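These are my notebook entries on a structure I examined element by element. I recorded strand pairing, helix packing and the surroundings of selected loop residues.

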Amino acid sequence: MEWGAESAAVRRHRVGGERREGPAEAAALQPEREAPAPEPMVAARGGGARTRKRSPGGDAGTGLSEGRAALGLVLYLLALRALVQLSLQQLVLRGPAGSRGEFDARQARNYLEHITSIGPRTTGSPENEVLTVRYLLEQIKLIEDQSNSVHEIAVDVQRPTGSFSIDFLGGFTSYYDNITNVVVKLEPRGGAQHAVLANCHFDSVANSPGASDDAVSCSVMLEVLRVLSTSSEAFHHAIIFLFNGAEENILQASHGFITQHPWASLIRAFINLEAAGVGGKELVFQTGPENPWLVQAYVSAAKHPFASVVAQEVFQSGIIPSDTDFRIYRDFGNIPGIDLAFIENGYIYHTKYDTADRIPIDSIQRAGDNILAVLKYLATSDMLASSSKYKHGNMVFFDVFGLFVIAYPSRVGSIINYMVVMLVVLYLGRKLLQPKHKTAHYMKDFFCGLGITLISWFTSLVTVLIIAVFISLIGQSLSWYNHFYVSVCLYGTAAVAKIIFIHTLAKRFYYVNTSDRYLGEIFFDVSLFVHCVSLVTLTYQGLCMAFISAVWIAFPLLTKFFLHKDFKYHGAGGKFLVFYLLGMFVPYLYVLYLIWAVFEMFTPILGRSGTQIPPDAVLASILAGCIMILSSYFINFIYLAKSTKRTLVALTSVCGITFLLVCSGAFFPYSSDPASPKPKRVFLQHTTRTFHDLDGNVVKRDSGIWINGFDYTGMSHITPHIPEINETIRAHCEETAPLCGFPWYLPVHFLIKKNWYLPASEVSPRDRAHFRLISKEQTPWDSVRLTFEATGPSHMSFYVRTHKGSTLSRWSLGNGTPVTSKGGDYFVFYSHGLQASAWQFWIEVQVSEEQPEEMVTVALAAHHFFGEDKRSPQLDALKEKFPDWTFPSAWVCTYDLFVF
């Protein structure tokens, strides 16, 4: 590249003494330009005020054809998208294995089908605590009988009791009693001092068979255990397989294991198998903390790698409302690990559609191959025993279309990033350090171009948000949920059209009499500068995802280097377009790969993100952001093309037609298609509420079916099918009661503020909850200790609200320090296994000198998730009325409130 040269193709060409150059300047600059061929003045539309002098060689002859450029870009992006899709569909590089010593997906599927045939496996239910545990122990015994004599297998069934606080979902405290863990230790015959842990959970949410979350992971672990135990190779370290029975209870079983089990002290690293979708590739989306040697272990061993530090940093930012056992092992065990999860087809995650037949056998095979290889690698690694020596540092890691993983230390990444920044500084600096008469116009036009680009991006975001808000206000939100192309046609085209429109205005009215090639150079440089600023910012903040910006600088700079002379002498013709797009192949292909992952994960989440967040605004913003990135190195084409009129008309037409169709309700959000269901999630809780006063008298008692829709549309699509569910039965908040006086299963009240309460008869579960005050005593430190006892079903929620003049200072839960939930109330999640003693606990209330009569209001909600108690005739009748494109999850519960 001619770094310092300012050729006629890269500088401004003007007519005589027009605009900024006087006659003397024009004469002084003329010898530096190539001798221009005589060319007539071209009159601008709308009058003769605007003219343009073409650069040597004739811009008019070499400018990009609008049709050719638009078609080329569309075909280019479609081809890249097809390549991304091809790489995602290639789950394994060979068929299912079956030979000795290899993972057999057919055997794992057999395990999976047996586990899911048991049905939903809610913690505390016989299905979870007896039937699944019995099946696991039977299979482990068969594996033990077939194991090689060089190994020793030990099995333990743990039933821990404990409590902890967590800042997930705004913060709450968890208490568990007598839940179940099945633990298997595979070690050398002579024993081992260190171990690696593999973790899955066999419990499921209520009313879901839980094939992907997480029965398939437990099936994979059983098969990995079988293969490893029959191996004739003796390992250096033990491998502990934890089949935990209470993960859906917000990570309780893993906490019970890592804080109480005697084998926990042996563990130096772990692998956690999870799911946020059904099938596809399992993504490594968390590693560490620090301990870069674990990433290297995955890189060295995994046969079908799929990993991204981008996913890790996005997940750990907290914008995805989810968490895994990884947090427990990290925070309570101080153990580093690897977190993997299936992410495809999250539409049916935690629904009745999460069945074994929806998980491709190739998904099971690739997961098994990877877990087997990584566990075997860690069990024979010298680093496991001395992992503390390799603790410090983070890794930049990303897979290349599932073929291999690139990984390097983050400090090396920072050096690379700043070297790339220096290249940009050199490239732009040499242009800006030319004599003043050569650079004055360039500097001004560069910063004007930067401003125009930022304005175009900002206005495109504002435009799609205006559309999204309007769509939400008229009740057509989520129209793209079942038809993703609708979001592209509506918000994507609007964003692209707005960007092109702003730049077209700038080209027509500001950059008058300016060479197209010069403008192409300016806006290429602007895009380079923007990515350079992004690279510096991300690197300075210590984010490993900065490597993306480095890629988006390095490859365009290389492309510029090779195409500079051709562009200088021949302009932007067909040859330039082809080679320019080829040079951008790597950054555009990789960012489309990441964009797929973003939409694959976030689109289903927006269907269960609550009633307060407009999903159209979120999706429109994400799409606009993606368009900004993808447009960055294509903006210069707007200035190189002869016109943009037909492109703008086409984009505006597509957007307008889609907008009208969406407004008319042509695209229904949900689907009951058996091949690809996308159901609307609804919770139905038949509840009886009882409110007591300070003297224990009942002051209010009612019953109804409490209805919560988990997306922004509320009940608008349900009312035509079930007229009794309408706005007249909207639930009203009991202002004096904690969490508005309703039986929240989890503290998600801040996400779901629209709910309905349909009057119904009282419920009378056999295992009814009982709550009583055991004692009330004054402590030496001037607080009041209230000791309570509660009995009831396997799942209960306890809420506390302090009155004016009172504060909750201590309690017997968690680490002793009360943790508030969002809104200021206190939330305790309780569960127990098959058998449990009465739950006794105390709270201490600090009161002011003028002690009020009423110190605190408490409430206990009891949730009946299985057996006959979970049903009622009215609940069953209402559930049957719901259309087949919904997934109503229904159970019986009670709510009892007391004042002390």
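**Entry 1: strand S8 and its partners.** I looked up Val183 and found that its bridge partner in S8 is Leu242. I note that the model is a predicted one. Val183 prompted me to check the pairing of strand S6 (residues 181–188) with S8, which is antiparallel over 6 bridges. I then turned to strand S7 (residues 195–201), which pairs with S8 in the parallel sense over 7 bridges. There, Asn199 stands opposite Leu242 in S8. I recorded that strands of a sheet pair through backbone hydrogen bonds, either parallel or antiparallel.

How many residues of strand S8 (residues 238–244) are buried? I found 7 of its 7 residues buried, and the strand is mostly covered. I next separated the two faces. On one side I listed Ala238, Ile240, Leu242 and Asn244, and on the other Ile239, Phe241 and Phe243; all are buried, and both faces of S8 are thus covered. This listing follows the general pattern that side chains in a regular strand alternate between the two faces of the sheet.

**Entry 2: Gly210 and helix H6.** I located Gly210 in the loop between S7 and H6. Is Gly210 buried or exposed? With a relative accessible area of 1%, Gly210 falls under the 20% cut-off and is therefore buried. Leaving aside neighbours within four places in sequence, I found Gly210 in contact with Arg121, Ser204, Ala215 and Asp354. I also noted Ile115, which is 95 residues from Gly210 along the chain, with 9.3 Å between their C-alpha atoms.

For helix H6 (residues 211–230), I compared the expected span with the model. At 1.5 Å a residue, its 20 residues should span 28 Å, and the end C-alpha atoms are 27 Å apart, which agrees. Of the 20 residues of H6, 19 are buried, so the helix is largely enclosed by the rest of the structure.

**Entry 3: the sheet of 9 strands.** I traced an open sheet with mixed pairing, in the order S4-S5-S21-S19-S23-S24-S14-S15-S16. Strand S4 (162–166) and S16 stand at the edges with a single partner strand each, so one side of each has no neighbour in the sheet. On average, I found neighbouring strands turned by 25 degrees against each other, direction ignored. Helix H7 (residues 252–260) packs on this sheet, touching S4, strand S5 (172–177) and strand S21 (826–832); the direction of H7 makes about 75 degrees with that of S5.

Within the sheet I examined two pairings. Strand S23 (residues 856–864) and strand S24 (residues 886–899) are antiparallel over 8 bridges, and the bridge partner of Leu860 in S24 is Asp896. Strand S15 (residues 698–709) is joined to S16 by 5 bridges, also running antiparallel. In S16, Asn755 is the bridge partner of Asn708. I recorded S16 as mostly covered, with 4 of its 5 residues buried.

**Entry 4: Arg768.** Where does Arg768 lie? I placed Arg768 in the loop between strand S16 (755–759) and S17. At 22% relative accessibility, Arg768 counts as partly exposed. Beyond neighbours within four places in sequence, its contacts are Arg701, Val763, Thr791, Gly792 and Thr894. The C-alpha atoms of Arg768 and His864 are separated by 9.1 Å, although the two residues are 96 apart along the chain.

**Entry 5: the sheet of 4 strands.** I traced a further open sheet in the order S17-S18-S22-S20, with antiparallel pairing. Strand S17 (770–778) and strand S20 (806–811) are its edge strands, each pairing on one side only. S20 is joined to strand S22 (residues 839–847) by 5 bridges, and in S22 the partner of Thr807 is Gln846.

**Entry 6: helix packing.** I found helix H15 (residues 484–510) and helix H22 (residues 645–663) packed at an angle of about 145 degrees, with their axes 8 Å apart. Their crossing is left-handed. The contact includes Leu490, Ile500 and Phe501 in H15, and Leu651, Val654 and Phe659 in H22. I counted 14 nonpolar, 5 polar and no charged residues in this contact.

Methods:
Residues numbered from 1 in each chain as written. Predicted model: local features only at pLDDT ≥ 70, side-chain atom pairs only at ≥ 80, totals over all residues. Heavy atoms only, no water. Axes fitted to C-alpha atoms, helices over the stretch in contact; angles between N-to-C directions. Left-handed = near helix turned anticlockwise from the far one by under 90°. Contact = heavy atoms within 4.5 Å. Nonpolar A, V, L, I, M, F, W, Y, C, P; charged D, E, K, R; others polar. Pairing = 2+ DSSP bridges. Expected span 1.5 Å × (residues − 1). Buried < 20%, exposed > 50% of the residue type's maximum accessible area, 1.4 Å probe, protein only.
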